[in-house]
Amino acid sequence: MSRMTTTHRTTRTVLLRHLNRALLGRVMLCGAVLVSLLELLALLEKTTPILNRHLGLKGIVTFALLHLPALSTEILPLAFLIGALFFLTQTALSSEMAALRAAGLSTVGLYRLLLPAVFIVGFGGMIAQYWIVPASEGALTLWWNKTAPPQNHDENAQPLWFRMGGTLIRIGDITESGRTLSNVTLYNRDAHGQLTSTQHATTLHYVNNHWEEEGNRSLILSADHSAALRSTGGTLSLPIAPNVIIRLTQDQPFLTPGQILAILHNGAPASLPRPTYRMALFSPLILPIDMATMLLLALPVIYIPPRTGLRTPLPVYVLAAGLALVILQGLINALGNAGTLPAALAVMSGPLPGILFGITWVLRMEEK
């Protein structure tokens, strides 16, 4: 009895390793193909500006490498769906799945055997999105600003607006990796949001860990806002480092959890709406659930009869269901970023339709 139990455990361990290794291999292959295509599209847009800056091949490679982590996390759910679809379809058509089911492996048992791959990809993506992507995108933004010739800055570029506590700050132009700021204005407000004073500097230079200003002038309002006092000189206080200013120019919140919590609770500098930061904090947490949902959507292909071959449209239906779920999640996330839905509800609502649809689909296939 003991020998039979040991043999059973050894067989299960071998099967577990084989299935998860094969699934992870297909996911990595599909992910590499998708990332390559997206990277080529990004380079088509950025190659001309890079060459105009005389950065050459080194600049193209630098952009591609720094942009790679963000692309990899963006396509992760779709890559997992296609990889799982490819793997499960291959096992079904080669009669491997029929042999496993004849040996007593149920659909639920197969799903459980593949969960290690789900957790590896899901938690790996979570770690990358929380810590690797912010570092790479920060380095990319810093490099892009540093390599821009001052005379070639876009005159139509929008100024940077951000808040720091109760103060609103406007920066007209940012150069030299954030060490030179032009047309900087601080709008100081009281606890009720009323404007109390403004400070303006024509230029700020970051030297020896502090800002040196040129052309400072101030406007101080009276308590009842009936009078204003204009003055020149003085000191414009800007307690923020150049790398933080560069980070604020990003269109998306590529931040670590600590940086997001500092913005939400400690008044750290922020240039985006608060719901956007909440979504950035919660979204990576459900990546393992997203991977599990994609695997669930791909499961129906195991019911393809080996003799049918690729004539069945079932893999196409699975892929369409996965794409529809990705689009639906994007719409729900947009509602969360806009503050229409609470961030936690928007994040958790994303994979829910896929889970319900996948369970229903598998149960229908079991009945046939």
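Here are some notes on the predicted model shown above, taken point by point.

1. **Overall make-up.** Please keep in mind that this is a predicted model. The protein is built from 13 helices and 7 strands. Its radius of gyration is 27 Å, whereas the globule rule gives 21 Å for 368 residues, so the protein is more spread out than a compact globule. Along the principal axes, the C-alpha atoms take up a box of roughly 90 × 50 × 45 Å.

2. **Burial, surface and contacts.** Buried residues make up 43% of the 368 in the protein. The accessible surface is about 20,000 Å², and carbon and sulfur atoms hold 63% of that area. Turning to contacts with a separation of 6 or more, 64% join residues 24 or more positions apart.

3. **Charges.** The protein carries 25 positive and 18 negative charges. The mean positions of these two groups lie 17 Å apart.

4. **The largest nonpolar core.** This core has 42 residues, and the members touching the most others are L23, F80, L88, L110, L114, L295 and L299. Several helices give two or more residues to this core, including α1 (2–52), α3 (76–93), α6 (115–146) and α13 (352–367). Helix α10 (287–298) is also on that list, and with 8 residues α10 gives the most.

5. **L110, one of the core residues.** If you would like a residue to start from in the viewer, try L110, which is among those touching the most other core members. Beyond its neighbours within four places in sequence, L110 is in contact with L19, L88, M97, L105, L299 and I302. Another core, of 20 residues, lies apart from the one just described, and its members include L204, Y206, W211 and V244.

6. **A292 in α10.** Is A292 buried or exposed? A292 has a relative accessible area of 18%, which is under the 20% cut-off, so A292 counts as buried. This residue sits in helix α10 and touches Y111 and V118, leaving out residues up to four places away in sequence. From A292 to L345 is 53 residues in sequence, and their C-alpha atoms are 19 Å apart in space.

7. **H67 in α2.** Here is a histidine you may want to look at: H67, in helix α2 (residues 56–74). Its relative accessibility is 18%, so H67 counts as buried. Which residues does H67 touch, not counting those up to four places away in sequence? They are E39, A42, E137 and L140.

8. **Helix α8 and what follows.** Helix α8 spans residues 257–266, and its buried residues are P257, I260, A262, I263 and L264. An α-helix has 3.6 residues a turn, so residues three or four places apart point the same way. The buried residues of α8 pack against α6 and α9 (274–282). Just after α8 comes G267, with a positive phi of about 70°.

9. **S197 in β4.** For a look at a strand, go to S197 in β4 (residues 195–207). S197 is buried, with a relative accessible area of 14%. Setting aside neighbours within four places in sequence, S197 is in contact with L186, Y187, N188, L219 and I220.

Notes
Residues are numbered from 1 along each chain as its sequence is written. This is a predicted model: local features need pLDDT of at least 70, side-chain atom pairs count only at pLDDT 80 or more; totals for chains, interfaces and linings use all residues. Side-chain values use heavy atoms; hydrogens and water are left out. Helices (H or I, at least four residues) and strands (E, at least two) are DSSP runs, numbered from the N terminus. The radius of gyration is taken over C-alpha atoms; the globule rule is 2.2 Å times the number of residues to the power 0.38. Buried means under 20% relative accessible area, exposed over 50%, partly exposed in between (1.4 Å probe, protein chains only). Contact means heavy atoms within 4.5 Å. Accessible areas come from the Shrake-Rupley method with a 1.4 Å probe; for residues, only the protein chains shown count as cover. Lys and Arg count as positive and Asp and Glu as negative; His and the chain ends are not counted. The place of a charge is taken as NZ of Lys, CZ of Arg, CG of Asp or CD of Glu. A nonpolar core is a set of buried Ala, Val, Leu, Ile, Met, Phe, Trp, Tyr and Cys residues joined through side-chain atoms within 4.5 Å.
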